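I pulled this one up to go through it from fold to odd backbone angles. My notes follow in the order I looked things up.

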Amino acid sequence: ILLGKTVLANFLTESSDITEYNPTQGVRILEFENPHVTSNNKGTGCEFELWDCGGDSKFESCWPALMKDAHGVVIVFNADIPSHLKEIEMWYSCFVQQQFLQDSHCMLVAHHKPGSGGDKSNLALSPPLNKLKLVHSNLEEDPEEVRVEFIKYLKSIINSMSESRDREEMLIIT
């Protein structure tokens, strides 16, 4: 959807920097471990895959494969472009609602390009998008804010998966 989505994905996963813009063709998979997110207090960081999906609708035929077995969705958009506000409704419908993911497993990131200023106060999202976690990302002014929110998001997904697994185990026992 946005110039900078891949740069943001690289930043969040602490991957190499990409300085020139090349639209993502289909999907790019980033495997990473986060030492701040642990499962069942084991002390070791959880391993994740972040699938950086190209925003062009010509890749729509790939989307079912991208969605299969996904535990969460991060929708990145440019709040300064009115058409993006409509597009995120479509992304939310396809990647969250149609996959029966909980809203708590979806995070919206209003990514602001360097120099855009990024007005955080004037973003009115329509329901049900206004109920989702919304984070403003400006890697030039406050890069750590989005990283902290991303780690919180990963922790919430892991906690939810652990609780679900615990419930399933209890059903097997009883």
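Entry 1, fold. I read the pattern along the sequence as α-β-β-α-β-α-β-β-α. That makes four helices and five strands, where helices (H or I, at least four residues) and strands (E, at least two) are DSSP runs numbered from the N terminus. I have to keep in mind that this is a predicted model, in which local features need pLDDT of at least 70 and side-chain atom pairs count only at pLDDT 80 or more, while totals for chains, interfaces and linings use all residues. Residues are numbered from 1 along each chain as its sequence is written, and side-chain values use heavy atoms, with hydrogens and water left out.

Entry 2, burial. How much of the chain counts as buried? I get 41% of the 174 residues, with buried meaning under 20% relative accessible area, exposed over 50% and partly exposed in between (1.4 Å probe, protein chains only).

Entry 3, H1. I noted that H1 runs over 5-12. Seven of its eight residues are buried, so H1 is largely enclosed by the rest of the structure. The buried ones are Lys5, Thr6, Leu8, Ala9, Asn10, Phe11 and Leu12. I also checked what sits on Phe11: the charged end of Arg147 lies over the ring, 4.0 Å from its centre. For that call, NZ of Lys or CZ of Arg must be within 6 Å of the ring centre and within 35 degrees of the ring normal. Thr6 has a C-alpha 9.1 Å from that of Gly54, with their positions 48 residues apart in sequence. Gly54 belongs to the loop between S2 and H2, and I have it as buried, at a relative accessible area of 1%.

Entry 4, the long runs. I compared H4 (143-173) with its expected span, which is 1.5 Å times one less than the number of residues. Its 31 residues should span 45 Å, and the end C-alpha atoms are 46 Å apart, which agrees. Arg147 turns up again here as one of the buried residues of H4, along with others including Val146, Glu149, Phe150, Ile151, Tyr153, Leu154, Ile157 and Ile158. A reminder to myself: an α-helix has 3.6 residues a turn, so residues three or four places apart point the same way. H3, with 16 residues, reaches 22 Å from first C-alpha to last, close to the expected 22 Å. Its buried residues are His84, Ile88, Trp91, Tyr92, Cys94, Phe95 and Val96.

Entry 5, rings. Which residues do ring pairs link into a cluster? I found Phe32, Phe48, Phe150 and Tyr153. The count comes to six aromatic pairs; rings of Phe, Tyr and Trp (its six-membered ring) pair if their centres lie within 6.5 Å, with planes under 30 degrees apart stacked, over 60 edge-to-face and the rest tilted.

Entry 6, largest pocket. I get a volume of about 970 Å³. Of the 37 lining residues, those closest to the centre are Glu49, Leu50, Trp51, Gly72 and Val73. A pocket here is an open set of points on a 1 Å grid over the protein atoms alone, where a 1.4 Å probe fits, with protein on both sides within 12 Å along at least five of seven lines; lining residues have an atom within 4 Å of a point. The volume is the space filled by probe spheres set on the points, which are joined across faces, edges and corners. S2 gives the most to the lining, with eight residues. H1, H2, S3, H3 and H4 are among the elements that each supply at least two. By class I have 26 nonpolar, five polar and six charged residues. Nonpolar covers Ala, Val, Leu, Ile, Met, Phe, Trp, Tyr, Cys and Pro, charged covers Asp, Glu, Lys and Arg, and the others, Gly among them, are polar.

Entry 7, backbone oddities. Most residues other than glycine have a negative phi, and most peptide bonds are trans. Asp69, in the loop between H2 and S3, has a positive phi of about 65 degrees and is exposed at 60%. Phe100, in the loop between H3 and S4, has one of about 60 degrees and is exposed at 76%. Glu14, just after H1, takes a positive phi of about 55 degrees. The peptide bond from Pro127 to Pro128 is cis, and Pro128 lies in the loop between S4 and S5.
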